[in-house]
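Trainee: I would be grateful for a close look at a single part of this structure. Please then relate that part to the remainder of the chain.

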Amino acid sequence: MAAEMNQNSDSNQLMDQYARAVVPGLAKYAQLRETLAAAIRGGHWKPGSQLPPERELARLTRFSLGTVQRALRDLADEGLLVRTQGSGTYVAESRAAIDSPLYLRFLGGEGEPRFLPLFPKVLSRERIHERGPWSEWLGPSDGAVVRIARRISVNAEFNLFNRFYFRADAFPGIAAAPLETLAGANLKQLLGGESNMLVTEMRQRVSFVKFSQEAADAAGVKAGTRGMLLESAALAGREPLYYLESFIPPNNRRLDVSAA
């Protein structure tokens with residue numbers, strides 16, 4: 001009886017203390033991902049400590065086993081957890097955050113950093129041939145434009161989908177760099193360092209769009225969810241440096257869009 005009471009207490013503490021208000025459009029596994037991330041940030045599980053087995057987590061959180069497994073995979077992809085076959089799931093000792101984000105600046109609350117930390121995961125890099133909104137800034141593609149797709153965790157609370165575009169002939173080093181070296185990197189700073197060109201003008205546009213399946217999968221929301229599209233384009237004099245688009249799902253944070 002005492003053991004059962006302790007288990008119920010653990011369940012109540014985990015869900016009542018760390019579960020956030022449900023954000024419209026957020027899938028169940030994404031809701032659970034936020035709860036587990038909040039529990040880790042709040043000290044419920046310390047760095048290096050082991051999480052309960054998946055079935056036990058399903059019982060504690062009252063989510064299905066499949067939902068638990070998907071949430072754990074997401075947190076492992078973000079670097080918050082380390083999953084070891086045959087051993088279990090552990091809280092990571094540290095993660096690589098973007099250094100001094102310039103444009104995706106989500107404001108922290110009382111007792112938090114001024115801007116919330118961003119933890120990127122590079123999903124793909126490819127040369128593209130089609131035209132799109134980036135062509136207005138970078139010119140015709142013809143395979144000379146590189147697109148890097150990333151999932152960015154905002155303070156381990158929610159994910160956004162980010163696509164970064166630049167010309168390969170202007171930044172050959174980054175176009176060919178091993179993808180693992182870009183983890184945690186501020187791509188805008190890397191581009192500026194390789195070219196030695198300073199951003200002299202920054203243009204941004206905000207619109208509200210329906211997320212494609214790709215954007216929705218990365219953000220952890222249902223396809224067709226309406227969210228914010230932040231388009232940013234940087235120039236050095238008359239020379240275009242880069243263009244990026246960030247698909248930001250519904251969330252409870254404020255985004256600072258003032259000039260950096």
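**A helix and its surroundings**

Mentor: Let us begin where helix α2 gives way to what comes after: the helix is followed by Gly 43, whose phi is positive, near 90°. Please bear in mind throughout that this is a predicted model.

Helix α2 itself comprises residues 28-41, and its length can be checked by a short calculation. At 1.5 Å a residue, its 14 residues should span 20 Å, and the end C-alpha atoms are indeed 20 Å apart, which agrees with that expectation. The helix is mostly covered, with eleven of its 14 residues buried. These buried residues include the nonpolar Leu 32, Leu 36 and Ile 40, but Arg 33 and Glu 34 also belong to the buried group. The remaining buried positions of α2 are Tyr 29, Ala 30, Thr 35, Ala 37, Ala 38 and Ala 39.

The nonpolar side of this picture is the core that α2 helps to build. The largest nonpolar core contains 23 residues, and those touching the most other members are Leu 36, Trp 45, Leu 51, Leu 57, Val 68, Leu 72 and Leu 81. Two or more residues of this core come from each of α1 (2-18), α2, α3 and α4. The largest share, six residues, is given by α2. Trp 45 illustrates how the core is joined to the helix: among the residues it touches are Leu 36, Ala 39 and Ile 40. Trp 45 also touches Leu 14, Gln 50, Leu 51, Pro 52, Leu 57 and Val 91, when residues up to four places away in sequence are not counted.

The charged side of the picture is Arg 33. Side chains of opposite charge can pair when their charged atoms come close. Here the side chains of Arg 33 and Asp 74 meet in a salt bridge, at 2.9 Å from N to O. The pair ties together distant parts of the chain, with Arg 33 in helix α2 and Asp 74 in helix α4, 41 residues apart. Both partners are buried.

A turn to the neighbouring helices shows a contrasting residue. Arg 62 lies in the loop between α3 (54-61) and α4 (65-77). Its phi is near 65°, a positive value in a residue other than glycine. At a relative accessible area of 56%, Arg 62 counts as exposed because the cut-off is over 50%.

Further along the chain, a second residue of this kind is Ala 156, in the loop between β5 (145-154) and β6. Phi of Ala 156 is near 60°, again positive in a residue other than glycine. Ala 156, however, is buried, with a relative accessible area of 2%. The adjoining Glu 157 is likewise buried, at 4%, and forms a salt bridge with Arg 253 in which the closest N and O atoms are 2.5 Å apart. This bridge, too, links distant parts of the chain: Glu 157 sits in the loop between β5 and β6, whereas Arg 253 sits in the loop between β9 (239-248) and β10, 96 residues away.

Another salt bridge joins Arg 167 and Asp 169, with the closest N and O atoms 3.6 Å apart. Arg 167 is partly exposed, with a relative accessible area of 22%, while Asp 169 counts as exposed at 57%. Returning to α2, salt bridges that share partners join Arg 33, Arg 70 and Asp 74 into one network. The structure holds 15 salt bridges.

Phe 171 occupies the loop between β6 (158-167) and α6 (172-176). Its relative accessible area is 1%, and it is therefore buried, the limit being under 20%. Phe 171 and Leu 190 are 19 residues apart in sequence, with their C-alpha atoms 9.3 Å apart in space.

At the surface, Val 206, Phe 208 and Val 257 form a nonpolar patch with about 290 Å² of accessible area together. Val 257 belongs to the segment after β10 (255-256) and is partly exposed, with a relative accessible area of 44%.

As to the chain as a whole, its secondary structure comes to eight helices and ten strands. Of its 260 residues, 46% are buried. The chain exposes about 12700 Å², and carbon and sulfur atoms supply 50% of that area. Among contacts with a separation of 6 or more, 62% are between residues 24 or more positions apart.

Note on methods:
Residues are numbered from 1 along each chain as its sequence is written. This is a predicted model: local features need pLDDT of at least 70, side-chain atom pairs count only at pLDDT 80 or more; totals for chains, interfaces and linings use all residues. Side-chain values use heavy atoms; hydrogens and water are left out. Helices (H or I, at least four residues) and strands (E, at least two) are DSSP runs, numbered from the N terminus. Buried means under 20% relative accessible area, exposed over 50%, partly exposed in between (1.4 Å probe, protein chains only). The expected span of a helix is 1.5 Å times one less than its number of residues. Patches are made of residues with over 30% relative accessible area and no salt bridge: like charges are joined within 9 Å, nonpolar side chains (Val, Leu, Ile, Met, Phe, Trp, Tyr) within 5 Å. Accessible areas come from the Shrake-Rupley method with a 1.4 Å probe; for residues, only the protein chains shown count as cover. A salt bridge is a side-chain nitrogen of Lys or Arg within 4 Å of a carboxyl oxygen of Asp or Glu. Contact means heavy atoms within 4.5 Å. A nonpolar core is a set of buried Ala, Val, Leu, Ile, Met, Phe, Trp, Tyr and Cys residues joined through side-chain atoms within 4.5 Å.
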